[in-house]
Amino acid sequence: MARRAVGGRGAAGATGVRGAAGVKGARRPELRLPPLEPYGGGELEPDGDYDGLEFREVDFAGQDGGGARFMDCALTGCALDETRLHHARFLDSVLTGTRGVGTDLAESSLRDVELVDARLGGVQLHGAVLERVWIRGGKIDYLNLRGARLKDVVFEGCVLVEPDFGGATLERVEFVDCSLKGADLSEATLTDVDLRGAAALEITRGVDRLAGAVISPAQLVDLAAGLAAELGIRVEG
């Protein structure tokens, strides 16, 4: 099993502690993988069990790994175009340079996972559970997290284009140097969500769901028109 480093890093203060603004920081996964065995090849198997393996530059496009479990694994430069990973579990694993369009991770579980420099589009994570997940760098277009549960999740240095958090539950989620473009927060529930570090913050729907989040004064100015509209306030010169 992967060993976790003691302690953590936070955008504003130590990980997992309550900052000056009263928001509780997310706990980051800090993994030290054990020695890994190279993946022997072949297609993914539904309900397959993958433990302590290194997948390097493997093309999983169009394959079916629904219900599979990946534990103490490293996936580097792998292609996941139209890959079916519905109900899959990723535990204590690192995914680096992952790329793909239409990856199906609906109702999957990610716990103690790092996703680094991903290039993904149309990823289906609706109904998924993400706990202690660190998404660093890269770009994800049309990320579908509707109805998902996110706890101790950090988005850092990445670009999210039209992410859909509709009906999702976010607890201790941080956005650090991360650009959110056209985010949908409709019916979402936020607790200790820190948006102050977002490099860009654009919410097209659900601005009224920001209760439980902390934003900066500058972000408040940018969101003022949307908030006024939600409250039925007319602003006239």
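What relative accessible area does R146 have? In this predicted model, R146 comes out at 39%, so this arginine counts as partly exposed.

## R146 and its charged company

R146 sits in the loop between β11 and β12, while D184 belongs to strand β15 (residues 179-184). Their side chains meet in a salt bridge, with an N to O distance of 4.0 Å. That sits right at the cut-off, since a salt bridge needs the side-chain nitrogen within 4 Å of a carboxyl oxygen. The pair ties together parts of the structure that are 38 residues apart in sequence.

How does burial look on the other side of the pair? D184 is buried, with a relative accessible area of 7%. The story doesn't stop at two residues, either: R146, D164, D184 and R205 are linked in a network of salt bridges.

## Other salt bridges

How many salt bridges does the structure hold? The count is 15. As a reminder, side chains of opposite charge can pair when their charged atoms come close.

One of these bridges joins the side chains of R69 and D49, at 2.9 Å from N to O. R69 lies in strand β6 (residues 69-71) and D49 in strand β4 (residues 49-51), so this bridge connects parts 20 residues apart in sequence. R69 is buried at 18% relative accessible area, just under the 20% limit for that label. D49, on the other hand, is exposed at 53%, and the limit there is over 50%.

D194 and R196 make another side-chain salt bridge, with N to O at 2.6 Å. D194 is buried, with a relative accessible area of 9%, whereas R196 is partly exposed at 32%.

D194 also turns up in a long-range pairing of positions. Its C-alpha atom is 9.1 Å from that of A26, although the two residues are 168 apart along the chain. A26 is found in the loop between β1 (3-4) and β2 (31-32), and this alanine is buried, with a relative accessible area of 0%.

## How the strands line up

Now for the pairing from β10 onwards. Strand β10 (residues 109-121) runs parallel to β11, and eleven bridges join the two. Within that pairing, L120 has I140 in β11 as its bridge partner.

Strand β11 (residues 129-141) is also joined to β12 (residues 149-156) by seven bridges, again in the parallel sense. E131 is partnered by K151 in β12, and R136 by E156 in β12. On top of that, β11 runs parallel to strand β13 (residues 159-161), joined by three bridges. Here I140 shows up again, with L160 in β13 as its bridge partner.

β12 carries the pattern on to strand β14 (residues 169-176): they pair in the parallel sense over seven bridges. E156 stands opposite V176 in β14.

## The nonpolar core

Which residues touch the most other members of the largest nonpolar core? Out of its 57 residues, those are Y50, F55, F70, F90, L150, F155 and F175. Strand β10 gives the most to this core, contributing five residues.

Y50 is worth a look on its own. Setting aside neighbours within four places in sequence, Y50 contacts a list of residues including Y39, L44, F55, A68, F70, M71 and C73. Charged residues are on that list too, among them E43, E45 and R69. R69 is the buried arginine whose side chain meets D49 in a salt bridge.

## A nonpolar patch on the surface

Not everything nonpolar is tucked away. L231, I233 and V235 form a nonpolar patch on the surface, with about 340 Å² of accessible area together. V235 lies in the segment after α1 (217-230).

Is V235 buried or exposed? At 70% relative accessibility, this valine counts as exposed, because the label applies to anything over 50%.

Methods. Residues numbered from 1 in each chain as written. Predicted model: local features only at pLDDT ≥ 70, side-chain atom pairs only at ≥ 80, totals over all residues. Heavy atoms only, no water. Patch = residues over 30% accessible without salt bridge, like charges linked within 9 Å, V, L, I, M, F, W, Y side chains within 5 Å. Areas by Shrake-Rupley, 256 points an atom, 1.4 Å probe, with all protein chains shown as cover. Helix = DSSP H or I, 4+ residues; strand = E, 2+ residues; numbered from the N terminus. Buried < 20%, exposed > 50% of the residue type's maximum accessible area, 1.4 Å probe, protein only. Pairing = 2+ DSSP bridges. Core = buried A, V, L, I, M, F, W, Y, C linked by side-chain atoms within 4.5 Å. Contact = heavy atoms within 4.5 Å.
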